[in-house]
Amino acid sequence: MLGICRGRRKFLAASLTVLFVPAITWIYLFAGSFEDGKPVSLSPLESQPHSPRYAASSQRESLEIRVREVEEENRVLRKQLSLAQGRGPAQRRGNHSRTYSMEEGTGDSESLRAGIVAGNSSECGQQPAVEKCETIHVAIVCAGYNASRDVVTLVKSVLFHRRNPLHFHLIADAIAKQILATLFQTWMVPAVRIDFYDADELKSEVSWIPNKHYSGIYGLMKLVLTKTLPSNLERVIVLDTDITFATDIAELWAVFHKFKGQQVLGLVENQSDWYLGNLWKNHRPWPALGRGYNTGVILLLLDKLRKMKWEQMWRLTAERELMSMLSTSLADQDIFNAVIKQNPFLVYQLPCFWNVQLSDHTRSEQCYRDVSDLKVIHWNSPKKLRVKNKHVEFFRNLYLTFLEYDGNLLRRELFGCPSEADVNSENLQKQLSELDEDDLCYEFRRERFTVHRTHLYFLHYEYEPASDNTDVTLVAQLSMDRLQMLEAICKHWEGPISLALYLSDAEAQQFLRYAQGSEVLMSRHNVGYHIVYKEGQFYPVNLLRNVAMKHISTPYMFLSDIDFLPMYGLYEYLRKSVTQLDLANTKKALIVPAFETLRYRLSFPKSKAELLSMLDMGTLFTFRYHVWTKGHAPTNFAKWRTATTPYRVEWEADFEPYVVVRKDCPEYDRRFVGFGWNKVAHIMELDAQEYEFTVLPNAYMIHMPHAPSFDITKFRSNKQYRICLKTLKEEFQQDMSRHYGFAALKYLTAENNS
């Protein structure tokens, strides 16, 4: 803004120069002619001695030549100043405001055009800067699993550039609310507030409007924001989920100060020919002013809209137009444009760089000349990143930058702006302050309190509850290096699956592309993929298990690991066992015996008899018998070989079987990270809570070979790692004794005897 004011001052000075230079020139010439009685020559050549008549004639000619030169210079200067004034600050930035003025030949009067253009012009000093700690309000309509992913990328681009506190108003369905509430709660970004509004409750407000747009009923909900958002909220920026910011959103917020008179809607002109009605034969769009306006980015003056009775205005317009149009093609955008057609004074036309629309056959390329001109990119084509545009590679790379950007880096404080008290954040800081940073096991202890950003249901999820209430979910966790196991597990287990994946932002996108390219994974909608984003130096194995356990939809769960393949038919077998062993009314943990192979290519046994044969031939082994025998020894494999009915076994030290339990079983202890004691501690807690361990006679699972994990390598090579693990074990046992009393003393005794 300061630059604009300086430009105006320069223009004023130059104008004065144009006016006064000729006058001063003439005064100077005539005054000089009387000085000492000698005329002053303006010729660059020195005066030569001539006769008086010839000298007078020569002086007049020189004077006329010099005056013409001065006038020509003034003419050129006026032309340059005129061009500078007409171009304005927006056009100097590369915005072609003339190209995106109101369309000619639309039936609108020239005086109306002039009024709109005049209303959109700005005077020096009319646009105050946004105050440092002023809160910027943003509204987004979001529904479903895929839209939730888009919101994250949009929010990242806003957070990356922002310097002000933000208040997001999310109109979300139940699915999006669950996903985004967990995400923002675990993201813990300072000076960001989130409020949710139930989109399902708003359906009745717009369900009467037939809509052909792919956004469905949720694409109409921006129409009811004046009614939905708090009555004391005066203004808000409304964004589509397919928006990417390339500048500070405060710049857009500042545009509200340019609104004049009855202007209540800030919109960018539509950059396609849709509303001109010439895209194909018999193309009949909704009425619009010229090219119409795109509603991917809207500035709403809510207080004025409410006073104007916006609800009544848009409803009457929609009812009238639907009598002939029958349905909307572009959801809320059609209705907004029909209202503006009738009431053009409502709109303030934003420069087109605030909504560069990347759909096919648009004039978006005329909105920018350079990268610095870009403000907001709008992927408003159903093709999204595959849209046709001369510079699409640049836009795609900009989008991918935020898509894969580490969201943890956006947890930065806004210095000088007080944040609202966050109980979770305060509790976390208190817990961390109580730790001793000089403790050699400080990093282990700290991990227990680390809040990992979590994105639930990263892919579409559908689950139909079983009518007999016996359904079982397979629960597991994994990192990028175990991704290849997913297809095999899906082929072996047809029931619901809950997976927690420990990934970086970039790896999450690699996983997404992998999953979308897999016919096996895309054909399964009952697999819940929950992304826990990387942070810290340890693999938070038990946190991942807890995340996967917490978000199951069935009454029972099979606690497995990602590198095990369950036997074919295990899902149905476990459902029958749940009923036969009355798991609903008893505290039981059903053990699925674990085996392993050292062969990467295995002909998987289709029955218990075939598995026993492979055991005898040395193709299979009981799990970890050669390195950690006592981990599964209590299963009693010798008895299992001939067993035909379930049998009970007792807990022993270091026992860590894979079990089926009710969904209300205790969580895993988060203090154990990486390798060592993560499952042992959980089984110990089940025993302390008097769970009965029962081995299933006709169930089995097989561990597939893989390279050693980074954590087991650290355990084997790092002495301090092993010392800290031993310390954590002892502290866990002490906690068990305090919690469960005398009954827990056996764990200390068993540990000392092992």
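**Exercise 1. Sort the lining of the second largest cavity by residue class, and state which elements supply it.**

Solution.
Step 1. In this predicted model, the lining of the second largest cavity has six nonpolar residues, one polar residue and one charged residue.
Step 2. The residues concerned are Leu 559, Pro 657, Tyr 658, Val 659, Tyr 668, Lys 679, His 682 and Ile 683. Asp, Glu, Lys and Arg count as charged, so Lys 679 in this list is the charged residue.
Step 3. The space enclosed in the second largest cavity is about 50 Å³. Two elements, β21 (658-662) and α22 (678-688), each give two or more residues to its lining.
Step 4. The largest share of this lining is three residues, and these come from α22.

**Exercise 2. Describe the largest cavity and explain where it lies relative to domain 1 and domain 2.**

Solution.
Step 1. Counting cavities of 30 Å³ or more gives four. The largest cavity has a volume of about 90 Å³.
Step 2. Its lining consists of Arg 149, Val 152, Thr 153, Lys 156, Leu 403, His 455, Phe 458, Asp 505, Gln 509 and Tyr 533. The elements that contribute two or more residues to it are α4 (145-161) and α16 (505-516).
Step 3. α4 provides the largest share of the lining, four residues.
Step 4. By class, the lining of the largest cavity splits into four nonpolar, three polar and three charged residues.
Step 5. Domain 1 covers 136-405 and domain 2 covers 454-749. Both domains give residues to the lining, so the largest cavity lies between them.

**Exercise 3. Work out the strand order of the open sheet that contains β10, and identify the strands at its edges.**

Solution.
Step 1. The sheet has three strands in the order β5-β10-β9, with mixed pairing.
Step 2. β5 (243-245) and β9 each have a single partner strand and stand at the edges; therefore one side of each has no neighbour in the sheet.
Step 3. The pairing of β5 with β10 is antiparallel and runs over three bridges.
Step 4. Within this part of the sheet, Ile 243 is opposite His 378 in β10.

**Exercise 4. Place Lys 375, decide whether it is buried or exposed, and name its side-chain partner.**

Solution.
Step 1. Lys 375 sits in the loop between β9 (356-357) and β10 (376-378).
Step 2. The relative accessible area of Lys 375 is 4%. Buried means under 20%, so Lys 375 is buried.
Step 3. The side chain of Lys 375 makes a polar contact of 2.7 Å with the side chain of Glu 251.

Methods:
Residues are numbered from 1 along each chain as its sequence is written. This is a predicted model: local features need pLDDT of at least 70, side-chain atom pairs count only at pLDDT 80 or more; totals for chains, interfaces and linings use all residues. Side-chain values use heavy atoms; hydrogens and water are left out. On a 1 Å grid over the protein atoms alone, a cavity is a set of points where a 1.4 Å probe fits but cannot get out, and a pocket is an open set with protein on both sides within 12 Å along at least five of seven lines; lining residues have an atom within 4 Å of a point. Grid points are joined across faces, edges and corners, and a volume is the space filled by probe spheres set on the points. Domain bounds come from an automatic or database domain assignment. Buried means under 20% relative accessible area, exposed over 50%, partly exposed in between (1.4 Å probe, protein chains only). A polar contact is a pair of N or O atoms within 3.5 Å; within protein, one must be able to donate a hydrogen and the other to accept it, and residues adjacent in sequence count only if both atoms are side-chain atoms. Two strands pair if DSSP finds at least two bridges between them.
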